[in-house]
Amino acid sequence: MARTPGRSCPRHYRYSPAVFARAADLEAQSLYIVGGLYGNPFALEAVLAMARRESATLVFNGDFNWFNVDPAGFESVNETVLQHAALRGNVETEIAGEDQGAGCGCAYPEWVGDAEVERSNEILGRLRETASAYPGLRARLAVLPMHLVAEIAGLRVGIAHGDAESLAGWGFSQEALRERPERAKALLAEAAIDVFACTHTCLPVMQDFATPRGTALIVNNGAAGMPNFRDTHFGLATRIAGAPSTQALYGARLGAAVVEAVPVRYDHDAWMARFDRIWPAGTPAVLSYRKRIAAGPGYEMEQAVRTGARAGAFSRAA
């Protein structure tokens, strides 16, 4: 069967949920998981400052590139991110490789329109042109792992860009978790994980599940480099630590740890100005993303929070 660029993903994107049932790759007292930076340098500055304030570990779990098609922006974002633990998303995988058959590698589901898919393929093409001038960075991106296991305060945390089966999987999207929660629950059990932290699908969600290990969570941060809720100007990162943050918008306590969605409060005006310089009117990034970057998507925080008393859940106004 022929691959449709942007709709399908290569076989090498896939892995078994059982790969997460391993010893932890890293241990931390406080961990920030930063998915979907999308080349926003001001959001990158913000998460670095957040981590410094509490000596936290950072994991960038893919798609830290996207809008940064300018050479200086591409080099700066990648050189900075690669000083920390990082996973490759579909964007990094595609700009590091030579096979263009997957397009952007997003594996978009049917509810995403064809025009949106085509524009994403065009954005990836622009980014690939920029990346071609940096073979050393491309080689470093190519060898980044697709998944990671962390341990924080006794919690086993599986970190992936997409879901428990694919680097570009949509099984942990807010839509799939609403419509097919039983599949997510089965994946949590097979992976022997207490928390799955992911991104890729651009809208955040935190949902709890009863598993043989006890209460487990799937937390998707949506995007660190773009607004995630209507009429907001900040991104989101996932924070897991022994002590709660006063900045968290919502979260849950599991055992001795808290799992939280924390705002990434970057310089919105500076990012808008930079975005508009790099992506003039009529370009694919403007048509697909500018409205969201300016004022957020049509999505409310209440839609993202799907946790109950069994997970010690909490939320507060944005």
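## Core, helix packing and salt bridges in the predicted model

The largest nonpolar core contains 114 residues, and those with the most contacts inside it are Leu37, Phe60 and Phe67. Helix α1, spanning residues 41-53, gives the most to this core, with eight residues. These results come from a predicted model. Phe67 offers a convenient way into the core: leaving out residues up to four places away in sequence, Phe67 touches Tyr38, Met226, Trp271, Phe275, Ile278, Trp279, Ala285, Tyr289 and Ile293.

Two of the helices show how buried residues are arranged around a helix axis. In helix α2 (residues 71-81), the buried residues are Gly73, Phe74, Val77, Asn78, Thr80 and Val81. Around the axis they cover an arc of only 165°, which puts them on the same side of α2. Helix α5 (residues 135-142) can be read in a similar way, with Leu137, Arg138 and Leu141 buried. Viewed down the axis of α5, its buried residues fall within an arc of 100°, so they line one face of the helix. The elements that cover the buried residues of α5 include α2, α3 (90-96) and α4.

Helix α4 also packs against another helix. Two packed helices are described by the angle between their axes and the distance between the axes. The axes of α4 (residues 114-131) and α9 come within 8 Å and cross at roughly 115°, and the crossing of α4 and α9 is left-handed. On the α4 side, the contact is made by Glu116, Arg119, Ser120, Glu122 and Ile123. On the α9 side, the contact is made by Pro284, Ala285, Leu287, Ser288 and Tyr289. Readers may recognise Ala285 and Tyr289, as both are also touched by Phe67 of the core.

Next come the charged pairs. Side chains of opposite charge can pair when their charged atoms come close. The structure holds 15 salt bridges, and one of them joins Arg183 to Glu165, with the closest N and O atoms 2.6 Å apart. Arg183 lies in helix α7 (residues 181-191) and Glu165 in the loop between β6 (155-160) and α6 (174-179), so this pair ties together parts that are 18 residues apart in sequence. Arg183 itself is partly exposed, with a relative accessible area of 39%.

A salt bridge is also formed by Asp194 and Arg213, whose closest N and O atoms are 3.0 Å apart. This pair links distant parts of the chain, 19 residues apart: Asp194 sits in the loop between α7 and β7 (195-198), and Arg213 in the loop between β8 (205-211) and β9 (214-220). Are the two partners buried or exposed? Asp194 is buried, because its relative accessible area of 8% falls under the 20% limit. Arg213, at 45% relative accessibility, counts as partly exposed.

Arg230 forms a salt bridge with Glu300, and here the closest N and O atoms are 2.6 Å apart. The partners are 70 residues apart and again link distant parts of the chain, with Arg230 in the loop between β9 and β10 (235-241) and Glu300 in the loop between α9 (284-295) and α10 (301-304). Arg230 is partly exposed at 41% relative accessibility, and Glu300 is partly exposed at 31%. Salt bridges that share partners also join Glu54, Arg239 and Glu260 into one network.

Glu260 appears once more in the surroundings of Thr238. Thr238 is placed in strand β10 and counts as buried, at 1% relative accessibility. Neighbours within four places in sequence aside, Thr238 is in contact with Leu31, Tyr32, Ile33, Val219, Asn221, Val259 and Glu260.

Finally, two residues stand out for their backbone angles. Most residues other than glycine have a negative phi. Asp63, although it is not a glycine, has a positive phi of about 55°. Asp63 is found in the loop between β3 (57-61) and α2, and counts as buried at 3% relative accessibility. Ala107 likewise has a positive phi, near 55°, in a residue other than glycine. The place of Ala107 is in the loop between α3 and α4, where it is buried with a relative accessible area of 15%.

Terms used:
Residues numbered from 1 in each chain as written. Predicted model: local features only at pLDDT ≥ 70, side-chain atom pairs only at ≥ 80, totals over all residues. Heavy atoms only, no water. Core = buried A, V, L, I, M, F, W, Y, C linked by side-chain atoms within 4.5 Å. Buried < 20%, exposed > 50% of the residue type's maximum accessible area, 1.4 Å probe, protein only. Helix = DSSP H or I, 4+ residues; strand = E, 2+ residues; numbered from the N terminus. Contact = heavy atoms within 4.5 Å. Salt bridge = Lys/Arg side-chain N within 4 Å of Asp/Glu carboxyl O. Arc of directions from axis to C-beta. Axes fitted to C-alpha atoms, helices over the stretch in contact; angles between N-to-C directions. Left-handed = near helix turned anticlockwise from the far one by under 90°.
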